[in-house]
Amino acid sequence: MEWKKNDRIQVTIEDMGDTGEGIGKTDGYTWFVKDAVIGDEVEAKVMKTKKSYGFARLEKIINASPNRVTPRCPVARQCGGCQLQAMDYKEQLAYKERKIYNNITRIGGFDEVPMLPIMGMDEPWRYRNKAQFPWGLDKDGKIITGFYAGRTHAIIENGDCLLGIEENREILKIIKNHLERCHIRPYDEAAHSGLIRHTLIRKGFHTGELMVCQVINGKSLPHQDELSEQLLKIPGMTSISVNINRDQTNVILGNEVINLYGPGYITDSIGGVKYRISPLSFYQVNPVQTEKLYSTALEYAGLTGGETVWDLYCGIGTISLFLAQKAKKVYGVEIVPQAIDDARENARINGIENVEFFVGKAEEVLPREYEKNQVYADVIVVDPPRKGCDEVCLDTIVKMGPKRVVYVSCDSATLARDMKYLAERGYEVVKVRGCDMFPHAGHVETVCLLELSMFPVTVAGEGK
Ligand code: SAH
C-alpha cells in the first residue's frame, strides 16, 4: 500500500524508539508516532514516508493503553524535555529494562543476560538539580522563559518544570520582573542581538545551596546588584554570577564567568564525598539516582582495600573518589582538562590522597602507561560517553587483564557491542543492572560487571 501525506492510518503501538516515540506496523510497514504509548490503538495522520518506514502525527486515541496516564505537566506534549510522561512510571521502567535486554541480546549476541531489577525512583519528580532556562519573546512581544520544544528552539513557556526544583519558580519570577523593569531584551538567535540568553540554576540537594548564573550576550546585566539583592532573599542562595557568551552558537555557556556574589561555587555531596560545583563544572543531574548508580559500581568493583583501580572517562572524579575510599590506589583518566582540575580539587577538599589523575584520551593514556610503566589494575571501571569505548582502550584492558571490569554506560547499544568484544577475549558477564537516572525521558544508564573467566576463550589468530 502506498501512503501519501495527510492520509489517515490506524495503528497499534507495539514498541518505542530511542527517543520515546511509539512504533507500530501496518502490513509490514513501520510507523513512528510521537506521543503514542505502547498498547495504544491510535488514529494518526501521515506526515512523511520513506521506503520501509514513515512518520505520522497522533490524531486520536481509539483505545488507550492500560499503561497510559494523564501527564502531570500541562505542557508535557509540546515540551522537548520529557518523552514518556504519558506512560505509567512502572511501565517506563519495564520499557527501559527491555531496551537494555534487547540491545545485549541483539547487538551483543548473548543468549542469556544476568539482569537484576532496574533501579527506579520512589518519587520520580523534582529530581533534577540543574536547569537551563532560555529567555525569549512570545508573539505579543512579552518576555517568556521555559524549555525548547522537541526539534526546534521555540520556547514552550514553563516556569515550574515538574522535574526541577520548586525554587526555580521564584527565581525565574524575580529575574523576569527585573528584565521587564529594566527593559532588558532577551537574546534573539536569528538576529544575534539582545542580552539575556539563559538562566542556569543549580542546587546542592544535600546542602540546600543554590546557584544562579545568567548567560548574557554582553559584559554585564543592567542593575545586576539590585537583581542579586532580590535573589538573596531566597533561602539557600549561595552563588550568583554571570556567564559571558557572545558567540552565535547553540552551546549554552561561554568560557568566562564573572562572580557577583558568594565563593563562585556551591557544594554538594554524594555518598559522603564532597564536591565543589562551579557554573561550568559537569555534575550528574539526578543526585538520588547517581548515588545508587555509583554504589552499584562500587559493589561490583568488589574492593577490599588492597586493590589498584583505573577509572576511565572519570569526569570530575566522582566515581574515582567514591572508589578511593575502599581501594589502595585509584587512577582516573579524562579528556577535559578543567574536569581534571575539579577532580584534583575535589580530592583535596576531601583529604583523599590515594588518587592520581591523568588528562588525555583513555585510548592513549592507558596504552602509554601500560607499555611504558607496566601499570597494573585489579579492577577497571569505565564510564564512556554514548559512543562507548575505543577499541584500542578495550584491547589494552584485555592485555592488562584486571580481574573485574565494571562498565557504566549511558547507551546500552554501545555497551552491548563492547561487552561482546570483552566476552570474546576472556571476560564473563556476571551482572547487568539498569538505573533510571532520567524518569520521563527516554535514556537509561546501565552498570555491568564482567569478570576474567577461569576458562579463557581463545580468540582466533591469537596465541598460536
Ligand atoms: N564518570 C564521570 C563522567 C562520565 S561522562 C561521572 O560520572 O561524573 C563521560 C566522560 O568521558 C566525560 O567527562 C567526557 O569528557 C569524557 N571523555 C569523552 N571521551 C573521552 C576519551 N576518549 N577519553 C577519556 N575521557 C573521555
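Where is the place of Met 47? Met 47 sits in strand S4, which covers residues 41–49. Before I go further, I should state that we are looking at a predicted model.

Let me stay with Met 47 for a moment. Together with Tyr 53 and Phe 55, Met 47 makes a nonpolar surface patch of about 240 Å². Met 47 counts as partly exposed, because its relative accessibility is 34% and the partly exposed class lies between 20% and 50%.

I turn now to the annotated positions. An unreviewed UniProt entry places the feature "binding site" at Gln 284, Tyr 313, Glu 334 and Asp 383. I shall take two of these positions, Gln 284 and Tyr 313, in order.

Gln 284 belongs to the loop that runs between strand S15 (273–277) and helix H4 (287–301). Is Gln 284 buried or exposed? Gln 284 has a relative accessible area of 14%, and is therefore buried. Setting aside residues up to four places away in sequence, Gln 284 touches Asn 129, Thr 290, Tyr 294 and Met 437.

Two of those residues, Thr 290 and Tyr 294, also appear among the buried residues of H4. The other buried residues of that helix are Pro 287, Gln 289, Leu 293, Thr 296, Ala 297, Leu 298, Tyr 300 and Ala 301. As a general point, an α-helix has 3.6 residues a turn, so residues three or four places apart point the same way. As for its dimensions, H4 has 15 residues and reaches 21 Å from its first C-alpha to its last, close to the 21 Å expected at 1.5 Å a residue. Following H4 comes Gly 302, with a positive phi near 55°.

The second annotated position is Tyr 313, found in the loop between strand S16 (308–312) and helix H5 (318–324). Tyr 313 is likewise buried, because its relative accessible area is 17%, and buried means under 20%. Which residues does Tyr 313 touch, not counting residues up to four places away in sequence? The list is Val 333, Glu 334, Ala 362, Glu 363, Val 382, Asp 383, Pro 384, Pro 385, Gly 388, Cys 389, Asp 390 and Cys 393. I would draw your attention to Glu 334 and Asp 383 in that list, since UniProt places the "binding site" feature at both of them as well.

Two further contacts of Tyr 313, Ala 362 and Glu 363, lead us to helix H7, which spans residues 362–373. This helix has twelve residues and reaches 16 Å from its first C-alpha to its last, close to the 16 Å expected at 1.5 Å a residue. Its buried residues are Ala 362, Glu 363, Val 365, Leu 366, Pro 367 and Glu 369. Against what do the buried residues of H7 pack? They pack against S16, strand S17 (329–334), strand S18 (355–359) and helix H8 (391–400). Just after H7, Gln 374 takes a positive phi of about 45°.

Next, the salt bridges. How many are there? The count comes to 27 salt bridges, and I shall describe three pairs.

In one of them, the side chains of Asp 160 and Arg 169 meet at 2.9 Å, N to O. Asp 160 counts as buried, at 19% relative accessibility, whereas Arg 169 counts as partly exposed, at 44%.

In another, Arg 417 and Asp 418 meet through their side chains at 3.0 Å, N to O. Here Arg 417 is partly exposed, with a relative accessible area of 37%, while Asp 418 is buried, with a relative accessible area of 1%.

The remaining pair of my selection is Glu 424 and Arg 425, whose side chains form a salt bridge at 3.6 Å, N to O. Glu 424 is partly exposed at 36%, and Arg 425 counts as partly exposed at 21%. Elsewhere, salt bridges that share partners join Arg 8, Glu 43, Arg 57 and Glu 59 into one network.

I close with Ser 193, in the loop between helix H2 (167–181) and strand S10 (196–203). Ser 193 is partly exposed, with a relative accessible area of 23%. Leaving aside neighbours within four places in sequence, Ser 193 is in contact with Arg 185, Pro 186, Tyr 187, Asp 188 and Asn 217. Ser 193 and Ser 52 are 141 residues apart along the chain, and their C-alpha atoms are separated by 44 Å.

How values were computed. Residues numbered from 1 in each chain as written. Predicted model: local features only at pLDDT ≥ 70, side-chain atom pairs only at ≥ 80, totals over all residues. Heavy atoms only, no water. UniProt positions renumbered as here; feature names shortened; annotations may be inferred. Helix = DSSP H or I, 4+ residues; strand = E, 2+ residues; numbered from the N terminus. Buried < 20%, exposed > 50% of the residue type's maximum accessible area, 1.4 Å probe, protein only. Contact = heavy atoms within 4.5 Å. Expected span 1.5 Å × (residues − 1). Patch = residues over 30% accessible without salt bridge, like charges linked within 9 Å, V, L, I, M, F, W, Y side chains within 5 Å. Areas by Shrake-Rupley, 256 points an atom, 1.4 Å probe, with all protein chains shown as cover. Salt bridge = Lys/Arg side-chain N within 4 Å of Asp/Glu carboxyl O.
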